[in-house]
Amino acid sequence: MFGNFSTKINCLAGLVFLVAILSGCNDMFEPKVATICKDNPALCEDLNPDQWCRSEKADIIRHRYRHPDELNEEQHYRKLLIFETYQRCITKASGITHKKYRDIEGGRMKGVVTARKELDRLSRLSKDSSHPLLAYYHWSRFSDVNARKRFLDAANRGELRTPELLIALASIQVKRDLSAAKQSLHKALSMYEDDDNMDTSVFQSLATIALEEGKFGLVYIWSRVGQEYEAGINDNQLSSIANKYQLPVSLLDDVADEVTAALSDGAFNADSLGLTKL
């Protein structure tokens, strides 16, 4: 009996392993960045050769390696973000004088030029895209009103189906409709399956909206939740909020704990947590 059970367990393990591979989890077999550069020098040689901005540079190299052919629109958007992050890092690094090796400074400047050129190229190619991510990118980076219209048109068609896109929508709505922005952020939080990759800036946004609405209990709750996720709120700030508005801290702490637990379980619902009534 135990032999058959062991065989079934082995078969199940093999099936799980196969499913992992088929679902894209075979990134574990991807070569190291150094190996990618050795075998495919063209993917790396236009970036800075020293160890500065190591993780940002690695993200570019991996993205190039994984997507050697024409990019789809979401991949295009991710590449824009990766190069933005690299540009911020390498631009800062290029201003650091290396007393011993002047060629290192030159290598960093090569990275700055590459980032600038690639961002210009990617931006030109996507300027008229109707994909929500790219439309929002061009609105948020270049104040392109046509891109904003394309993004809002996509929202009206119900095409914003990810937390990232709903958070982007809220950043536009908050200037004219606090209630709509709050609903978009609540919906975004409800779409996370867990809190591993959650955009914690949402908590500060919800606290700011609550402050604008004069709902100080919610200001405290979202600040408290933000503190749990290390989103820049400290104990002194929480105490200041509680004292200033004479809030029932114990009760609000319980609500914040319930919100945090729901986020962790991927079960956030603003209505069932009573947040829409506060």
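Helices here are DSSP runs of at least four residues, marked H or I, and they are numbered from the N terminus. With that in hand, welcome to this predicted model. The protein has 13 helices and zero strands, and 38% of its 278 residues count as buried. Below is a short tour, from the overall build to a few residues that are worth finding in the viewer.

**Overall build**

- Reading along the sequence, you meet one helix after another, in the pattern α-α-α-α-α-α-α-α-α-α-α-α-α.
- Among contacts between residues at least 6 apart in sequence, 55% join residues at least 24 apart.
- The structure also holds 17 salt bridges, and three of them are introduced below.

**Salt bridges that link distant parts of the chain**

- As general background, side chains of opposite charge can pair when their charged atoms come close.
- One such pair is E30 with R62, whose side chains meet in a salt bridge at 4.0 Å, N to O.
- E30 sits in the loop between α1 (2-22) and α2 (33-39), while R62 belongs to helix α3 (residues 54-66), so this pair ties together parts that are 32 residues apart in sequence.
- The two partners fall into separate accessibility classes: E30 counts as buried at 18% relative accessibility, whereas R62 is partly exposed with a relative accessible area of 29%.
- Buried means under 20% relative accessible area, so the 18% of E30 falls within that class.
- Another pair is R108 with D50, where the side chains form a salt bridge at 2.7 Å, N to O.
- Here too distant parts of the chain are linked: R108 is in helix α5 (residues 102-126) and D50 is in the loop between α2 and α3, 58 residues apart.
- R108 is buried, with a relative accessible area of 5%, and D50 also counts as buried, at 13%.

**A salt bridge within one helix, and its network**

- Helix α11 (residues 216-228) contains both E228 and R224, which are four residues apart, or about one turn of the helix.
- Salt bridges that share partners join R224, E228, D253 and D257 into one network.
- Within that network, the side chains of E228 and R224 meet at 2.7 Å, N to O.
- E228 is partly exposed, with a relative accessible area of 44%, while R224 counts as buried at 14%.

**How helices α9 and α10 pack**

- Helix α9 (residues 178-191) packs against helix α10 (residues 201-213) at an angle of about 150°, and their axes are 10 Å apart.
- Angles over 145 degrees count as roughly antiparallel, and α9 and α10 are therefore roughly antiparallel to each other.
- The crossing in which α9 passes α10 is left-handed.
- On the α9 side, the contact is made by L178, S179, A181, K182, L185, H186 and L189.
- On the α10 side, the contact residues are V202, F203, S205, L206, I209, E212 and E213.
- Sorted by character, the residues of this contact divide into eight nonpolar, three polar and three charged.

**A buried lysine**

- K79 is found in helix α4 (residues 73-94).
- This lysine is buried, with a relative accessible area of 12%.
- Leaving aside residues up to four places away in sequence, K79 touches H63, L71, E118, R121 and L122.

**Two loop residues with positive phi**

- S143 has a positive phi of about 55° although it is not a glycine.
- You can find S143 in the loop between α6 (132-142) and α7 (145-156).
- S143 is exposed, with a relative accessible area of 52%.
- The cut-off for exposed is over 50%, so S143 at 52% belongs to that class.
- Q246 likewise has a positive phi, of about 50°, and is not a glycine.
- The loop between α12 (235-245) and α13 (249-265) is where Q246 is found.
- At 73% relative accessibility, Q246 counts as exposed.

How values were computed:
Residues numbered from 1 in each chain as written. Predicted model: local features only at pLDDT ≥ 70, side-chain atom pairs only at ≥ 80, totals over all residues. Heavy atoms only, no water. Buried < 20%, exposed > 50% of the residue type's maximum accessible area, 1.4 Å probe, protein only. Axes fitted to C-alpha atoms, helices over the stretch in contact; angles between N-to-C directions. Parallel < 35°, antiparallel > 145°, perpendicular 65-115°, else oblique. Left-handed = near helix turned anticlockwise from the far one by under 90°. Contact = heavy atoms within 4.5 Å. Nonpolar A, V, L, I, M, F, W, Y, C, P; charged D, E, K, R; others polar.
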